[in-house]
Amino acid sequence: QVQLVESGGGLVQAGGSLRLSCAASGSFFRLNDMGWYRQAPGKQRDVVATITRGGSTNYADSVKGRFTISRDNAKNTVYLQMNSLKPEDTAVYYCNAEYVYVNGRIDRSWGQGTQVTVSS
């Protein structure tokens, strides 16, 4: 089992910045794709940004130019730098990762989520 622990959420004013971190731990051989998702009250969980092990990134249109996803493979950690935050960015942010066990089996895990609240 792989555990993903997010940190860095909080309350910020519109226009401000936050940096989320997600550290993976457990018995796995390698982390593959990692990503950030968010879920606002009453809405479905949507992808925010993803990053491959090699560093290729994809972003939701709503965050392009404002958010940056990055990762440190040595630390098994993925980050989300969020700038120019807007009230509509308010949501619970979840980390997701695909990983490979030593026996070759592939699985995915979700973090517990971290609340981001942007006040106007």
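**Strand pairing, a disulfide and a loop residue**

Strand 7 and strand 8, the latter spanning residues 77–82, pair in the antiparallel sense over 6 bridges. Please bear in mind throughout that this is a predicted model.

Let me stay with this hairpin for a moment. Asp-72 of strand 7 has Thr-77 in strand 8 as its bridge partner. There are 4 residues between the strands of the hairpin, and Asn-76 takes a positive phi near 50°. Strand 7 itself, residues 67–72, has two faces: Phe-67, Ile-69 and Arg-71 make up the covered one, while Thr-68, Ser-70 and Asp-72 make up the uncovered one.

I turn now to the disulfide. The structure holds 1 disulfide, and this bond joins Cys-22 to Cys-95 with an S to S distance of 2.1 Å. Which parts of the chain does the pair tie together? Cys-22 lies in strand 3, residues 18–26, and Cys-95 lies in strand 9, residues 91–100, so the disulfide links parts that are 73 residues apart in sequence. The torsion about the S-S bond of Cys-22 and Cys-95 is about -80°, and the disulfide is therefore left-handed. As for their surroundings, both Cys-22 and Cys-95 are buried.

Finally, consider Asp-61, which is located in the loop between strand 6, residues 57–59, and strand 7. Is Asp-61 buried or exposed? Its relative accessible area is 66%, over the 50% cut-off, so Asp-61 is exposed. The side chain of Asp-61 is joined to that of Lys-64 by a polar contact of 3.1 Å. Asp-61 also lies 9.6 Å from Ala-49, C-alpha to C-alpha, with the two residues 12 apart in sequence.

Conventions: Residues numbered from 1 in each chain as written. Predicted model: local features only at pLDDT ≥ 70, side-chain atom pairs only at ≥ 80, totals over all residues. Heavy atoms only, no water. Disulfide = S-S within 2.5 Å. Buried < 20%, exposed > 50% of the residue type's maximum accessible area, 1.4 Å probe, protein only. Pairing = 2+ DSSP bridges. Polar contact = N/O pair within 3.5 Å; in protein donor to acceptor, adjacent residues only side chain to side chain.
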